[in-house]
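User: Could you take a close look at the salt bridges in this one for me? I'd like to know where they sit and what surrounds them.

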Amino acid sequence: MGSDINHSSVTTCSATLKFTFCDNNLCISNKTTSIFYLYFVSSKCLFIMARNKCEDLASAFDTLSSDLEVPNASDVVFRHTWCIKKYNRAIKKKETLDSPLFDCSVNGFSSSWNISVRFWKGANGKRVRNPIVICLNLVKCETEEPGQAKIRFQFGVWDAVIKHWECCPMSRVALNLQTTEDLLSVGHRDLSILKRHIDTNGNVSMMVKIQIIQSEEEMHSLSQDLARILSHSDSKDEYVDCVVECAKGTQSKKKLQVHSLIIRARSPALASSLKESTADNNHIKYHLDLTELPYDLASELLRYLYTDKVDSPETNANRLLPIAIRFSLPGLAALCERALLESLTPANVANILLLADQCGCDTLRKAALNYCEDSTEIKENVHIGKTLAWRVMELVNPELFLEACESLGSSSSNLDSPTFHSDEQL
């Protein structure tokens with residue numbers, strides 16, 4: 001067997017002593033005193049003991065695993081970021097690109113995933129490099145109890161110019177979960193990689209968010225039970241005691257009927273709007289006037305009151321935020337602010353800034369101004385253009401307009417172009 005040899009050196013105040021360990025014996029290349037000899041022998045023994053201890057700890061840690069335990073799995077969002085270095089060179093050299101595996105484990109369900117990039121082929125059989133096909137793959141799955149689950153996922157690509165994630169629409173798919181190591185492609189999207197997505201080092205960063213909704217578990221959660229009560233409420237339900245009236249012309253055939261107890265508990269402002277009903281119905285005691293809201297918006301408001309959630313917050317946030325402020329619903333306001341923050345783009349920042357200022361949302365307002373300040377794309381288009389939102393801001397809130405101009409590092413006279421041409425959108 002070969003000798004276990006380690007070469008090292010120690011620098012002292014007078015010289016550098018070179019030494020070699022051969023089969024746990026110390027050999028010093030220069031003449032030294034016995035003091036140094038004893039020092040190095042002791043060091044070697046301590047090193048061996050520490051190394052053995054570390055190996056014991058490592059072998060022990062090999063058996064450990066981590067898992068999240070939460071009341072509702074759907075409350076957890078897993079996010080994984082993948083940086084493709086030297087992107088243009090990578091897609092030229094490789095036919096396919098695959099990210100490292102990443103794990104998503106929650107409530108006894110363990111899974112390994114990856115992101116992959118594939119390419120379409122044109123009529124001539126050659127690869128089309130843009131748009132790419134980005135895929136989400138379930139590589140391995142372990143579950144204590146097989147069952148069906150809904151998977152929500154969303155891809156995104158990093159805009160290296162304005163330092164912001166551009167997100168694709170949310171996708172949903174139902175899966176039968178069982179212990180398996182068979183690769184399963186969960187879904188894919190076409191994605192155009194543009195110049196703004198490639199950073200100064202030539203890298204491209206992609207992201208995926210994943211929510212795992214275990215159907216049986218979610219079926220018995222409080223929010224789901226309340227959602228079912230709301231969706232099935234009618235005059236036959238003896239506990240339903242309030243009718244909601246929406247804007248004329250938007251009322252659905254199905255009336256909005258709710259439980260006044262939940263309205264009172266969730267929003268004192270809405271509770272004060274409850275009026276005694278004159279309807280000829282023994283169960284209906286109250287009437288809630290929401291005639292300033294269309295049916296779909298009133299439905300989302302009620303959905304939030306019952307479940308703490310709204311459907312497609314990224315779509316409804318700009319309309320729900322003023323309602324949340326009006327009816328003193330801080331949770332709904334925070335939900336809307338998060339959705340608006342994630343949706344900031346050069347084309348909509350003026351609208352969001354104006355909305356944040358009108359609603360008194362300081363966090364969102366500061367974020368929009370910081371976005372203006374940090375956005376290279378907006379600064380390079382100093383003729384950002386007086387779109388309708390900028391013109392309205394200048395008329396109704398000139399102070400905010402000037403503050404936005406200061407964040408951009410420009411004067412209001414620079415905002416004279418008739419239109420603002422935002423970069424291509426995904």
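Analyst: Here's a walk through the salt bridges, followed by a look at their surroundings.

First, the ground rules: this is a predicted model, where local features need pLDDT of at least 70, side-chain atom pairs count only at pLDDT 80 or more, and totals for chains, interfaces and linings use all residues. Numbering runs from 1 along each chain as its sequence is written, and side-chain values use heavy atoms, with hydrogens and water left out.

Take a salt bridge to be a side-chain nitrogen of Lys or Arg within 4 Å of a carboxyl oxygen of Asp or Glu. By that rule the count comes to ten. One of them pairs Glu95 with Arg127, with the closest N and O atoms 3.8 Å apart. Glu95 sits in the loop between helix 2 (87-93) and strand 5 (97-98) while Arg127 belongs to strand 8 (residues 127-143), so the pair ties together parts that are 32 residues apart in sequence. Helices (H or I, at least four residues) and strands (E, at least two) are DSSP runs here, numbered from the N terminus. Glu95 counts as exposed because its relative accessible area is 56%; the cut-offs are under 20% for buried, over 50% for exposed, and partly exposed in between (1.4 Å probe, protein chains only).

Next up, Asp159 and Arg196 meet through their side chains at 3.3 Å, N to O. This pair links distant parts of the chain, with Asp159 in strand 9 (residues 147-159) and Arg196 in the loop between strand 12 and strand 13, 37 residues apart. Unlike Glu95, which is exposed, both Asp159 and Arg196 are buried.

Then there's a helix-to-helix case: the side chains of Arg319 and Asp296 form a salt bridge at 2.8 Å, N to O. Arg319 is in helix 8 (residues 313-326) and Asp296 in helix 7 (residues 295-307), 23 residues apart. Arg319 is partly exposed because its relative accessibility is 33%, and Asp296 is partly exposed too, at 39%. Back at the buried pair, salt bridges with shared partners join Asp159, Glu166 and Arg196 into one network.

The loop that holds Arg196 has another residue to look at. Asn203 lies in that loop, between strand 12 (184-191) and strand 13 (204-214), and at 12% relative accessibility it's buried. A polar atom of the Asn203 side chain is 2.9 Å from the backbone nitrogen of Lys86. Leaving out residues up to four places away in sequence, Asn203 touches Cys83, Ile84, Lys85, Lys86, His197 and Ile198, where contact means heavy atoms within 4.5 Å.

Now the nonpolar side. A nonpolar core is a set of buried Ala, Val, Leu, Ile, Met, Phe, Trp, Tyr and Cys residues joined through side-chain atoms within 4.5 Å. The largest has 59 residues, and Leu290, Leu301 and Leu321 have the most contacts inside it. Apart from it lies another core, of 37 residues, including Val106, Phe109, Phe155 and Ile193.

For the whole picture, the protein chain has 14 helices and 17 strands, and 40% of its 426 residues are buried. Among contacts with a separation of 6 or more, 63% join residues 24 or more positions apart.

Terms used: A polar contact is a pair of N or O atoms within 3.5 Å; within protein, one must be able to donate a hydrogen and the other to accept it, and residues adjacent in sequence count only if both atoms are side-chain atoms.
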